[in-house]
Amino acid sequence: MTLRVPPRSGPTLLALLLVLYAGVECRRPEPYYGRIIGRLTQYAHGIRGTAYAVDENTVFIRGFAYDGTGPDAYFWIGDTPQPSPEGILVPYPEDYPSRDPPVLSAHSNSDILLRLPGGKRLRDIKWISVWCRRFTVNFGDVFVPPGLDPPRPRVLPEFKRLAHGLRSGNISVLDAKTFYIPNLHYDGAGPDAYFWVGNGSEPSPFGTKVPNEMGSLNPLRGYQGEDIEIQLPGKLTAYDIDWLAVWCVEYRHNFGHVYIPKDLDVPPALGQTKITTSSTTSQTPYSSSNNCKEILDKRLQVRWEIQGDLIQITLAARLRKEQYMAFGISGAEGRAAMLNADVVVAYWDNRSNQPRVADYTITHLAQCDGERGVCPDARLSGSNDVVLVIPSFRTSKDGVTTITYRRPIAAKEPMKDKEVLTSRSQSVIAAFGPLNSRYEANAHSFMDTTRNDVQLDFGALNDNTCVGLAELEAGGPAPWPARIIAGVSNFTARIGPAGGRRGYTPITGHPSWGIAWYINDMLIPEIYVERGKTYTFLVEGGDDRTNPAKFHPFYISDSSEGGFGQKREEDQRKQRVFAGVAYDNEGYPYPTAVGRYCEWTHKTTDQSSTSETFEDYLQTLQLECNEGEPAVLEWTVAHETPDLLYYQCYTHNNLGWKIHVVDPGTQIHLPGQTGVCSNLAPLPLSIIAPILTAVIYAQFR
């Protein structure tokens with residue numbers, strides 16, 4: 001929108017136009033206490049305060065004062081022209097037992113929340129008073145303006161249904177921080193899904209996690225028609241956001257969302273909407289700081305607190321024997337960089353049964369040789385600028401090691417240290433790894449180090465998103481054996497759930513964002529094809545380009561990752577595509593196997609962990625197909641085709657698996673079935689297929 005002001009318009013007119021324009025997009029300023037009722041008029045005992053209508057049943061009195069010397073004083077409401085004995089007592093505190101609440105005590109500048117009793121609404125009363133019952137005296141009052149329209153909850157549409165069976169009833173904004181979601185359904189199969197809020201025309205990665213109905217920030221479980229309430233974290237209110245979504249953080253996918261209108265007039269969040277929260281996570285004592293963040297897949301908790309020119313940091317993790325945890329300032333701003341980082345390595349010294357901390361500088365990504373590498377500053381003629389704080393401890397019950405230390409905010413040694421910023425967020429890194437024979441940090445694995453940019457605001461006063469440390473990975477359920485399809489010329493390709501810890505990831509070793517290809521209704525089977533033969537794939541991966549969660553064109557390439565359409569041109573050139581991709585007149589690629597959408601969905605929640613076989617798991621799924629026709633992809637396998645290819649998704653990574661290309665008459669050897677196929681050679685694949693299929697299913701049942 002562009003304002004065009006005539007050249008001779010005076011400053012008053014320009015200012016007015018700018019104010020009107022700004023008002024179009026502005027959100028309600030904070031703090032907001034509701035619709036103002038008025039100031040309490042004082043008649044005795046120092047009564048003071050301002051009353052607001054929070055909603056039609058609730059009143060908030062800001063800055064309430066009363067000397068407490070009245071012998072029988074209470075909050076009192078009524079509908080008579082003036083306060084009188086015919087009024088009704090308002091219990092305060094509200095949750096006091098059913099008998100009369102205590103006589104009103106002294107207040108100097110209190111914030112009071114009053115819930116009108118007996119189903120009364122503000123429209124039913126004319127005044128609120130501080131009233132002495134014994135002597136029928138009005139100490140102070142405020143009158144409810146006629147026609148007062150209090151804020152009220154706002155009913156929104158239901159979640160838009162995009163993926164993973166997400167649906168709900170109409171969502172309500174109960175107050176500025178509280179959402180009521182009725183009849184919530186979600187299959188729980190998203191690997192990293194959360195309630196998610198943010199700004200913009202569509203849900204995006206630039207959002208904020210919202211704790212679930214239990215106050216937890218763990219990935220969402222499955223829901224089967226439950227009614228829940230959730231609250232926005234920190235200082236966020238419904239006036240600050242444009243949408244509420246269920247969002248997969250790791251794979252940046254929107255499972256469904258609802259928009260928040262800009263003309264909200266909902267009650268302020270002053271405690272009138274109560275959510276019963278609990279935590280099943282054991283709590284470990286830490287420092288008194290209320291700043292806390294969980295990183296490294298919730299395996300490391302970092303708490304921090306500024307103390308003058310020092311910062312106190314507490315690290316907590318479940319460490320294995322002779323393992324360290326490291327945390328510090330990234331070597332580069334805006335990304336996770338180990339090189340040139342300034343970190344503290346903390347560990348438990350089993351030789352002395354004592355905690356240890358050491359200041360490290362990372363000059364090279366190698367073990368310290370005394371001159372360079374991942375070295376303690378003290379070994380590089382520097383000083384150890386970190387000091388251990390007692391108590392630091394290990395708890396045998398939950399296996400958590402907690403170590404607290406202090407370090408200077410300023411960089412004491414500019415060539416080795418980095419300044420801790422307190423005016424803005426700063427990129428940090430963390431890692432786990434083994435200690436070497438010198439009890440110094442040794443190499444860490446790729447999975448045990450910060451891979452994405454993590455930023456902390458060290459100057460924050462109340463930045464706490466910690467819920468509980470992740471458990472150490474246990475063995476878990478055994479993965480299902482890989483399926484094999486051989487001797488078949490016609491295939492169906494549909495979408496389905498990835499099978500949790502039994503399916504895609506343990507079979508392939510690749511990460512999954514919750515869905516995968518089902519070929520002939522089997523989860524990512526390995527396919528065998530013969531050179532020189534033509535194969536037909538009926539592809540039902542979706543044709544709605546506006547909904548990326550349900551747009552999965554099928555293609556065949558030599559990439560074990562896939563996602564050709566999202567790659568940069570130089571990365572596309574690293575893949576060889578054998579079917580499913582064509583190029584337009586300008587040389588731009590586009591997918592050809594685009595058909596209707598069919599998906600195997602959970603009947604209830606994800607049952608992969610309790611399904612011993614894939615066939616058992618399939619019984620917990622149901623096939624849902626949109627209207628339309630499947631795409632037909634015909635592929636003639638050339639004689640020069642490589643031995644190993646992959647069927648993949650054009651728009652997303654890691655949905656498919658292997659295609660084995662063999663010459664006619666090649667024997668097929670099954671894993672764990674040595675000699676089974678040797679008796680079938682040299683028959684061609686098309687002849688041995690029925691026997692082979694019977695053997696495979698006998699193995700898996």
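1. Gly198 faces Trp243 of strand E16 across the pairing, and this contact belongs to a run of 6 bridges through which E13 and strand E16 (residues 243-248) are joined in the antiparallel sense. The model is a predicted one, and what follows should be read as a description of that model.

2. Strand E13 has a second partner to consider, since E13 and strand E14 (residues 207-210) also pair in the antiparallel sense, here over 4 bridges. Within this pairing, Val197 stands opposite Thr208 in E14. Strand E13 itself, residues 193-198, is mostly covered, with 6 of its 6 residues buried. As general background, side chains in a regular strand alternate between the two faces of the sheet.

3. A separate point concerns the open sheet built from 4 strands, whose order is E1-E3-E4-E7 and whose pairing is antiparallel. The edge positions are taken by strand E1 (35-39) and strand E7 (107-115), each of which pairs on one side only. From one strand to the next, the twist averages 20 degrees.

4. Within that sheet, the link between strand E4 (residues 58-66) and E7 can be described in more detail, as 6 bridges join these two antiparallel strands. Among the residue positions in question, Thr58 stands opposite Arg115 in E7.

5. Which cysteines does the disulfide join? The bond runs from Cys598 to Cys625, with an S to S distance of 2.0 Å, and the count of disulfides in the model comes to 1. The link of Cys598 and Cys625 is right-handed, with 120 degrees about the S-S bond. Because Cys598 lies in strand E39 (residues 598-602) and Cys625 in strand E40 (residues 621-625), the pair ties together parts that are 27 residues apart in sequence.

6. Are the two bonded cysteines buried or exposed? Cys598 is buried, its relative accessible area being 0%, whereas Cys625 is partly exposed, with a relative accessible area of 35%. The assignment for Cys598 follows from the cut-off, because buried means under 20% relative accessible area; Cys625 counts as partly exposed because its 35% falls between that limit and the 50% over which a residue is called exposed.

7. Two further cysteines deserve a remark on accessibility. Cys132 counts as buried at 1% relative accessibility, and Cys248 is likewise buried, with a relative accessible area of 0%. Strand E16, given as residues 243-248, is the partner that E13 meets over 6 antiparallel bridges, which returns the discussion to the pairing of Gly198 with Trp243.

How values were computed
Residues numbered from 1 in each chain as written. Predicted model: local features only at pLDDT ≥ 70, side-chain atom pairs only at ≥ 80, totals over all residues. Heavy atoms only, no water. Pairing = 2+ DSSP bridges. Axes fitted to C-alpha atoms, helices over the stretch in contact; angles between N-to-C directions. Disulfide = S-S within 2.5 Å. Buried < 20%, exposed > 50% of the residue type's maximum accessible area, 1.4 Å probe, protein only.
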